[in-house]
Amino acid sequence: MNVELRHLRALAAIGDEGTITGAALALHMSQPALSRTLEQLEHRLGTRLVERTTRRLTLTEAGRRLWEHAHRILHQLDDALAEAAAGPRPRSIRVAFAWSALGSHTVPLLRAWRDRHPDTPVHVRRVDDPEAAVRRGEADVAFVRADPAPDPSLASCSLIREQRMAAVPEEHPLARRPAVRLADLAGQPVVLCSTASSTRADLWPDGRRPRTLQVPGVDEWLTTIATGDAIGVTTAGISYNHPHPGIRYLPLSDAAPVTVYLVWPASPSHPATDAFRRLVQRHLVSSR
């Protein structure tokens, strides 16, 4: 099966951009040439990778899986070429998270890593979907606050359980309480974030579920709450990392805590992955 890097780069760009026009611009090639490259890849694989509509392209299930593999392969190639050019210096270990890494534990952990592994820096980056970033080879490890999807290409371990917190406008009547319950929030509009949110409407029992609204990111989530348009539910780690002068965070006393996981490729993409995982676990144990 003669699949070339140009085929993988084409599919990666099409999946990222969602249109032939955008992908062709990203790759600095003509739209007809990109379309021919995609058709050639599908012909060689014997399967459809992209569903074409008049406005957008949508990856099929096979296309989505190959899109993630293509990103990982291309990132590994870029890393290998950079190492060949620069010599065998260790590259940074890339750590991804959506809203918060480990809350108040993050900075002490990174300082402990720097002290023990001064030759292997850590690059921490916020992404919308940290688990997908690991699958695509864009991150070596990720902190997530949802059960990792069953995927043989990924490994994971649970780290800590974080208390849920209610985020309310500072002028809201609930803001004067030391803690709140789910029932206190049921009559309020609840804002949910579309990127890696740890809260859904089914946190409340049937018949008591609040009206919800979606926003695209953490900044919009904070602004919606601070301006009094809704309240939010999050975790202790995120409340630590995102203080806001217009918001008060209150313990949510009757909601189950959220488990924080570390996720990494089953075949690690960085030689220091296991050392990083062990340090995270030891640090959390020692800080209890």
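Helix pairs whose angle is under 35 degrees count as roughly parallel, those over 145 as roughly antiparallel, those from 65 to 115 as roughly perpendicular, and the rest as oblique. Keep that scale in mind during this tour, and remember throughout that the model on the screen is a predicted one.

**First stop: α5 and α10**

Select residues 106-116, which form helix α5, together with residues 273-286, which form helix α10; the two pack at an angle of about 130°, and their axes lie 10 Å apart. On the scale above, α5 and α10 are therefore oblique to each other, and their crossing is right-handed. To see where they touch, show the side chains of P108, L109, A112, W113 and R116 in α5, which meet A275, F276, L279, V280 and H283 in α10. Sorted by class, this contact of α5 with α10 is made of 8 nonpolar residues, 1 polar residue and 1 charged residue.

**Second stop: the cavity**

Stay with α5 and turn on a display of internal voids, where the structure holds 1 cavity of 30 Å³ or more. The largest cavity has a volume of about 40 Å³, and the selection that brings out its lining is V95, A101, L102, T106, L109, L110, V124, F143 and F276. Which helix gives the most to this lining? It is α5, with 3 residues. Two members of the lining, L109 and F276, will be familiar from the previous stop, since L109 of α5 and F276 of α10 are also among the residues through which those helices meet. Colouring the lining by class gives 8 nonpolar residues and 1 polar residue, with no charged residue.

**Third stop: α1 and α2**

Now move to residues 20-27, helix α2, and add helix α1, which covers residues 5-17. Here α1 and α2 pack at an angle of about 125°, with 8 Å between their axes, and they are therefore oblique to each other. The crossing of α1 and α2 is right-handed. On the α1 side, select R9, A10, A13, I14 and E17, and on the α2 side their partners I20, G22, A23, A26 and L27. This contact of α1 with α2 comprises 7 nonpolar, 1 polar and 2 charged residues.

**Last stop: α1 and α3**

Keep α1 selected and replace α2 with helix α3, residues 31-45, which packs against α1 at an angle of about 110° with the axes 9 Å apart. Are α1 and α3 perpendicular or parallel? The angle falls between 65 and 115 degrees, so α1 and α3 are roughly perpendicular to each other. In this pair α1 passes α3 in a left-handed crossing. Show R6, H7, A10, L11 and I14 in α1, which meet L34, T37, L38, Q40, L41 and R44 in α3. The residues of this contact divide into 6 nonpolar, 3 polar and 2 charged. Before leaving, highlight A10 and I14, which meet α3 and also take part in the contact of α1 with α2.

Conventions
Residues numbered from 1 in each chain as written. Predicted model: local features only at pLDDT ≥ 70, side-chain atom pairs only at ≥ 80, totals over all residues. Heavy atoms only, no water. Axes fitted to C-alpha atoms, helices over the stretch in contact; angles between N-to-C directions. Helix = DSSP H or I, 4+ residues; strand = E, 2+ residues; numbered from the N terminus. Left-handed = near helix turned anticlockwise from the far one by under 90°. Contact = heavy atoms within 4.5 Å. Nonpolar A, V, L, I, M, F, W, Y, C, P; charged D, E, K, R; others polar. 1 Å grid on protein atoms, 1.4 Å probe; cavity = no way out; pocket = protein on both sides within 12 Å on 5 of 7 lines; lining within 4 Å. Points joined across faces, edges and corners; volume = space filled by probe spheres on them.
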